[in-house]
Amino acid sequence: MKKVEAVIRHFKLEEVKDALTEIGVQGMTVSEVRGFGRQKGHKEQYRGAEYTVDFLPKAKMEVIVPDDQVKAVVDTILESARTGQIGDGKIFVMPVEDIIRIRTGEAGDTAL
Amino acid sequence: MKKVEAVIRHFKLEEVKDALTEIGVQGMTVSEVRGFGRQKGHKEQYRGAEYTVDFLPKAKMEVIVPDDQVKAVVDTILESARTGQIGDGKIFVMPVEDIIRIRTGEAGDTAL
Amino acid sequence: MKKVEAVIRHFKLEEVKDALTEIGVQGMTVSEVRGFGRQKGHKEQYRGAEYTVDFLPKAKMEVIVPDDQVKAVVDTILESARTGQIGDGKIFVMPVEDIIRIRTGEAGDTAL
Ligand SMILES: Nc1ncnc2c1ncn2[C@@H]1O[C@H](COP(=O)(O)OP(=O)(O)OP(=O)(O)O)[C@@H](O)[C@H]1O
Ligand SMILES: Nc1ncnc2c1ncn2[C@@H]1O[C@H](COP(=O)(O)OP(=O)(O)OP(=O)(O)O)[C@@H](O)[C@H]1O
Ligand SMILES: Nc1ncnc2c1ncn2[C@@H]1O[C@H](COP(=O)(O)OP(=O)(O)OP(=O)(O)O)[C@@H](O)[C@H]1O
Ligand SMILES: [Mg+2]
Ligand SMILES: [Mg+2]
Ligand SMILES: [Mg+2]
């Protein structure tokens, strides 16, 4: 299993969620973050206005999936989260050793 | 060391924290998230009302522990976070390579 | 690549960010968390007042960097986040298997 973590633009969240649901993703967790990438100190668009990039609000999405779904999930996020403008975000793939469903105690892939 | 990450119901946070403290857990980090699991589009109870599950607020708890405490931590979360209703949450176990206490610079298990 | 995750005092965030930028860190993500460490039930200073430590607000900073930058990043956080008082925070180092820039699709170290 892997955790695919994506820091994306807020207004793309629904679109990314719908695209992931369509390819069979069954769960995800979202939180509010702020951050910056390579253009710190330069300009980035946010809600139609230009800001000097220091910390900008972004949405962080975490999706835990079986190994054989990682590529599809990454490709789907790439397509649905992209605008082509700087600041579109980043995807991080991290190892997950186990997952357990609290209600049933099931573990491993069947708990996803 | 491992990070045990649990996404649970808010009203279970105190109970889970107390149960973990009782088995010797010395630290934890909590944040506000929203998410959904397998029943997306179906109904789940939240504060006595029924909602169509899209994104529901949950509490995310992160506990870094030595390897030999992982099983006890997972079992304790399972017991204390469970209601038996859908939406009880998920536990994810992830590898941690190092941990450092900022005040002292101590690293590894003694920094926990 | 590694994720260096640090839970630090809020008022240290700017100082830590500036110190990391100075050593060449190109991106980071910050979120609001609350937590406790070993002194749970004892006293810790927060904004000049003393609190019994249960959950205190902290800033969580995530920095994904190439392997050969991990030591510099950890040392820089240690120096810039430290006050010497209990509650200065913790650093966790975790493995990252891949990273992708959404705008361009670039993967691996060049996507950082
Ligand atoms: N190295 C990093 N570590 C942690 N978070 C990062 C890192 N780089 C980027 N982020 C997060 O991703 C968000 C979006 O970054 P951004 O899209 O600007 O990346 P970028 O590499 O500068 O790409 P682009 O050139 O397309 O802007 C940031 O606001 C930050 O939250
Ligand atoms: N695959 C996943 N990736 C990331 N987060 C997830 C995943 N599955 C669940 N979550 C998080 O866990 C929370 C609780 O999920 P939930 O308990 O509904 O899981 P479930 O598998 O549907 O189990 P149940 O059948 O008991 O409802 C979600 O709101 C979401 O934040
Ligand atoms: N084992 C842990 N797991 C998860 N988060 C932790 C853990 N220990 C500490 N934290 C997080 O780090 C924050 C700061 O912890 P703290 O600096 O008090 O650690 P400590 O080990 O008690 O060190 P000190 O003796 O200097 O106070 C906590 O509020 C919590 O968010
Ligand atoms: Mg950028
Ligand atoms: Mg569910
Ligand atoms: Mg402490």
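Between which chains does ligand 3 lie? Ligand 3 lies between chains B and C. The model is a predicted one.

**The ligand site**

The shell around ligand 3 holds 22 residues. Nearest to the ligand are T29(B) and R103(B) from one chain, with R38(C), G87(C) and G89(C) from the other. By class, the shell has 8 nonpolar, 7 polar and 7 charged residues.

Polar contacts to ligand 3 come from both chains. Three are listed here.

| Ligand 3 atom | Protein partner | Distance |
|---|---|---|
| nitrogen | G27(B), polar backbone atom | 3.5 Å |
| oxygen | F36(C), polar backbone atom | 3.1 Å |
| nitrogen | K90(C), polar side-chain atom | 2.9 Å |

Ligand 3 on its own exposes 620 Å², and the protein buries 99% of that area. Several strands give two or more residues each to the shell. In chain B these are β2 (28-36) and β5 (56-65). In chain C they are β2 (28-36) and β6 (90-95). The largest share, 3 residues, belongs to β5(B).

**A helix pair in chain B**

Two packed helices are described by the angle between their axes and the distance between the axes. In chain B, α1 (residues 13-22) packs with α2 (residues 70-81) at an angle of about 145°. Their axes are 9 Å apart. The crossing of α1(B) past α2(B) is right-handed.

Which residues of α1(B) meet α2(B)? They are E15(B), V16(B), A19(B) and L20(B). Their partners in α2(B) are V73(B), T76(B), I77(B), S80(B) and A81(B). This contact comprises 6 nonpolar, 2 polar and 1 charged residues.

Conventions: Residues numbered from 1 in each chain as written. Chains lettered and ligands numbered in written order. Predicted model: local features only at pLDDT ≥ 70, side-chain atom pairs only at ≥ 80, totals over all residues. Heavy atoms only, no water. Near = heavy atom within 4 Å. Polar contact = N/O pair within 3.5 Å; in protein donor to acceptor, adjacent residues only side chain to side chain. Areas by Shrake-Rupley, 256 points an atom, 1.4 Å probe, with all protein chains shown as cover. Helix = DSSP H or I, 4+ residues; strand = E, 2+ residues; numbered from the N terminus. Nonpolar A, V, L, I, M, F, W, Y, C, P; charged D, E, K, R; others polar. Axes fitted to C-alpha atoms, helices over the stretch in contact; angles between N-to-C directions. Left-handed = near helix turned anticlockwise from the far one by under 90°. Contact = heavy atoms within 4.5 Å.
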